[in-house]
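Trainee: Please take a close look at the place where the ligand sits in this model, and tell me about the surroundings that help me read it. I work with docking and scoring, so I would like the residue-level detail in one connected account.

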Amino acid sequence: MSLEALSFDEYKPYITEELIERGHARRMGHLQDYFAIIQRQKLYNNFNIYCELNEKVNKVQLSHAFREMFLQYPALIEYIVPKFYPKHEAYYRSEEYLSKPCPIHDYIRVLNEVNINDIIMNEQDEYKSITTKISDIFVKNDYKFSNEISEMVSTIKIAICDPKKPNWRIICLPSKTSSTEWKDFILVSNHFDSDGTSAVNFFEDLTNILSKQANVENDTIVIGNDINIINYSKDYKLISKLPIPITERISYTPTLSSIPKFIVGNICKTKLQYTSDGGDTPAEFVSEDPLTYDYLINFSSEEVAKMKKTIKNCLYNSVTLTPFIQACFFVAMYKYNKILNLNNWWQWGVDCALATNARRLLPDDPETRDLYRYGSNVGGTHYFNLISQFNINEFEYDKFFKLVDYYHKNYQNSYRNGDELVGFGVLFSDLIINNTNMDKTIKDDYTNHKRGGLLFSNVGYRNEDLTKKVHVNNIIFSQSPGCMKFTFGLNLISTDKCGMNILMNGVRGSVKSRENFEDFCRFFRKTVENFAKL
Ligand SMILES: CC(=O)SCCNC(=O)CCNC(=O)[C@H](O)C(C)(C)COP(=O)(O)OP(=O)(O)OC[C@H]1O[C@@H](n2cnc3c(N)ncnc32)[C@H](O)[C@@H]1OP(=O)(O)O
């Protein structure tokens with residue numbers, strides 16, 4: 001088989017001109033290609049959201065709600081048409097492919113058919129064993145989410161090029177009173193065309209539609225125990241167009257002034273940063289065992305309100321939770337005394353990557369913004385934070401809040417001066433795309449390195465409308481870093497009802513033991529309690 005990139009004609013019958021004209025197929029943008037690469041090179045696994053609804057729903061209700069969502073947001077049912085399917089995995093790993101630039105990205109298109117059993121993971125043979133284990137643990141834990149469930153879910157792999165299934169699934173967790181209705185779900189998604197914000201939007205849209213649903217049994221297309229949701233040949237006129245890539249709406253091109261800082265930051269991150277004692281990041285993330293220890297911390301709504309009040313009282317009104325939590329984490333990391341090696345003169349700082357929502361840079365027009373409700377539409381800042389600043393005692397409030405203020409100002413500047421997009425921007429420059437193989441460039445950057453500091457994902461606060469017939473009672477977000485060079489993960493999400501859920505991850509081997517990690521998580525909680533004056 002020749003490994004020359006296929007010409008347009010050779011993509012047929014997967015991609016037709018008709019599909020492209022209808023807006024149901026196009027080539028990936030740079031950001032989509034980046035996330036396709038981290039999946040196809042097995043550098044990242046999944047992110048997931050556990051969601052508890054206030055009432056149970058069945059397959060028919062779900063199918064109808066999903067249909068509405070898929071027709072409006074086809075990103076939910078798109079897949080990548082890879083070169084040489086089904087031998088694409090071998091192709092993208094071949095030396096011949098990895099040794100030359102491949103600047104023309106693959107196509108994406110909407111699925112031909114989607115049934116409810118393509119989405120419900122419990123119904124799929126390849127996931128039977130893991131969904132059964134997760135369900136059993138859920139029942140044993142009195143129908144509650146647990147750290148063990150989080151760790152198991154993080155091992156699930158979802159293909160990005162399956163022409164029969166989307167890039168995400170839901171796990172329906174057992175209910176106490178019914179085997180055909182559920183109120184607890186876990187959305188598991190690869191990162192190719194979805195992110196934390198999409199996942200929260202997913203449950204918002206789902207509950208909005210479920211709340212308005214009436215008598216949905218009548219027009220259900222049932223096939224055995226399955227239900228058809230989308231049949232492309234019948235539905236294509238109703239399906240919205242795929243939006244153009246977000247990289248064509250937002251400029252990721254770095255400003256000249258941001259590049260020197262980016263280079264210096266990278267040198268510091270390479271030479272002078274904290275790295276954990278564990279092994280290097282692997283060449284690919286294929287293990288069936290959990291990568292991390294996970295630990296859930298909850299702050300009630302009252303505690304979150306108090307936290308915000310303290311931040312604003314001690315500083316000023318515009319300071320937000322993110323820099324506060326970051327400062328608490330670093331001070332805890334220092335004071336816990338068993339993580340940083342303070343005798344190592346070469347460890348000056350800890351790296352922290354904060355994922356940001358790039359949608360905020362879209363034009364301020366609701367229709368355009370709505371097109372990007374789903375997708376992997378992220379940016380991120382990746383800073384080097386000096387360890388010497390973390391040495392703050394529990395009573396040193398002034399010193400602590402100065403640090404919060406410093407992080408806050410850094411973040412505010414990063415949204416203005418382009419730091420938020422510089423990492424991706426440099427990677428997406430013509431110079432890199434046209435002259436290097438992106439899969440190899442990204443793979444080399446991720447793999448065979450010591451793990452550094454913190455991957456910080458704050459999906460934020462959602463104002464859940466509790467008067468809706470079907471609404472969210474509890475929501476927890478998590479991801480594990482895969483081959484990304486981080487030891488710790490902080491994953492935040494909040495609503496008024498559930499307060500703030502912080503799911504912490506620590507990479508096994510890089511943190512000493514489960515006991516040590518959990519002890520550190522409790523210490524972190526105490527640090528937050530202290531500085532928030534709870
Ligand atoms: C797999 C993945 O997709 S990983 C990526 C997931 N992460 C994302 O998608 C990032 C989305 N979040 C953002 O983009 C955020 O703006 C961040 C993280 C960059 C910065 O957050 P913040 O600095 O806290 O500022 P932001 O402007 O978003 O906050 C708005 C308000 O919500 C509050 N807030 C932010 N996070 C939370 C939270 N978890 N819980 C409660 N309130 C919160 C802030 O304190 C602020 O309150 P205020 O207006 O009373 O001051």
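Mentor: Let me begin away from the ligand, with a residue that sets a reference for burial: C521 has a relative accessible area of 0%, so it is buried. The cut-off behind that word is under 20%, and because C521 comes out at 0%, it falls on the buried side. C521 belongs to helix 18, which covers residues 514-531. From its C-alpha atom to that of Q412 the separation is 28 Å, with the two positions 109 residues apart along the chain. Please keep in mind throughout that this is a predicted model.

Now to the part you asked about. The ligand has 27 residues around it, and those that come nearest are G196, K312, T320, T322 and S494. Two of these names return when we turn to polar atoms. The side chain of T320 places an N or O atom 2.6 Å from an oxygen atom of the ligand. For T322, a polar side-chain atom and a ligand oxygen are 2.7 Å apart. R360 also takes part, with an N or O atom of its side chain 3.4 Å from an oxygen atom of the ligand. On its own, the ligand has 1000 Å² of accessible area, and the protein covers 81% of that.

What kinds of residue make up the shell around the ligand? Twelve are polar, eleven are nonpolar and four are charged. Where does the shell come from in terms of domains? Domain 1 (9-241) and domain 2 (248-464 + 471-532) each give at least three residues to it. At the level of secondary structure, the elements that each supply at least two shell residues include three helices: helix 8 (196-212), helix 11 (301-314) and helix 12 (321-335). Strands contribute on that footing too, namely strand 11 (349-357), strand 13 (452-462), strand 14 and strand 15 (486-495). Strand 13 gives the most, with five residues.

Strand 14 deserves a closer look, since it is on that list of shell suppliers. Strand 14 spans residues 472-479, and eight of its eight residues are buried. Its partner is strand 2 (residues 47-58): the two run antiparallel and are joined by seven bridges. One pair to find on your screen is I49 with F477, where F477 is the bridge partner on the strand 14 side. As background for reading any such pairing, side chains in a regular strand alternate between the two faces of the sheet. Leading into strand 2 there is a loop from helix 2 (30-40), and K42 is located in that loop. The backbone of K42 has a positive phi of about 60°, although K42 is not a glycine.

Another strand to set beside strand 14 is strand 9 (residues 226-231). Five of its six residues are buried, so strand 9 is largely enclosed by the rest of the structure. Strand 5 (residues 113-115) pairs with strand 9 in antiparallel fashion through three bridges, and V114 faces I230 across that pairing. Strand 8 (residues 222-223) is also antiparallel to strand 9, with two bridges, and here I223 stands opposite D226. Strand 8 and strand 9 form a hairpin with two residues between them, and the turn residue G224 has a positive phi of about 60°.

Following the chain on from strand 5, you reach Q124 in the loop that leads to helix 6 (128-140). Q124 has a relative accessible area of 5%, so it is buried. Its side chain has a polar contact with the side chain of R169, at 2.8 Å. In helix 6 you will find T131, which is buried as well, with a relative accessible area of 3%. T131 and I171 are separated by 40 residues in sequence, while their C-alpha atoms are 7.0 Å apart. After helix 6, the loop to helix 7 (147-153) holds D142. D142 has a relative accessible area of 42%, so it counts as partly exposed. Like K42, D142 is not a glycine, and its phi is positive at about 55°.

To return to your ligand, T320 and T322 are good places to start looking: T320 has its 2.6 Å approach to a ligand oxygen, and T322 has its 2.7 Å one.

Conventions: Residues are numbered from 1 along each chain as its sequence is written. This is a predicted model: local features need pLDDT of at least 70, side-chain atom pairs count only at pLDDT 80 or more; totals for chains, interfaces and linings use all residues. Side-chain values use heavy atoms; hydrogens and water are left out. Buried means under 20% relative accessible area, exposed over 50%, partly exposed in between (1.4 Å probe, protein chains only). Helices (H or I, at least four residues) and strands (E, at least two) are DSSP runs, numbered from the N terminus. Two strands pair if DSSP finds at least two bridges between them. A residue is near a molecule or strand if one of its heavy atoms lies within 4 Å of it. A polar contact is a pair of N or O atoms within 3.5 Å; within protein, one must be able to donate a hydrogen and the other to accept it, and residues adjacent in sequence count only if both atoms are side-chain atoms. Accessible areas come from the Shrake-Rupley method with a 1.4 Å probe; for residues, only the protein chains shown count as cover. Ala, Val, Leu, Ile, Met, Phe, Trp, Tyr, Cys and Pro count as nonpolar, Asp, Glu, Lys and Arg as charged, and the others, Gly among them, as polar. Domain bounds come from an automatic or database domain assignment.
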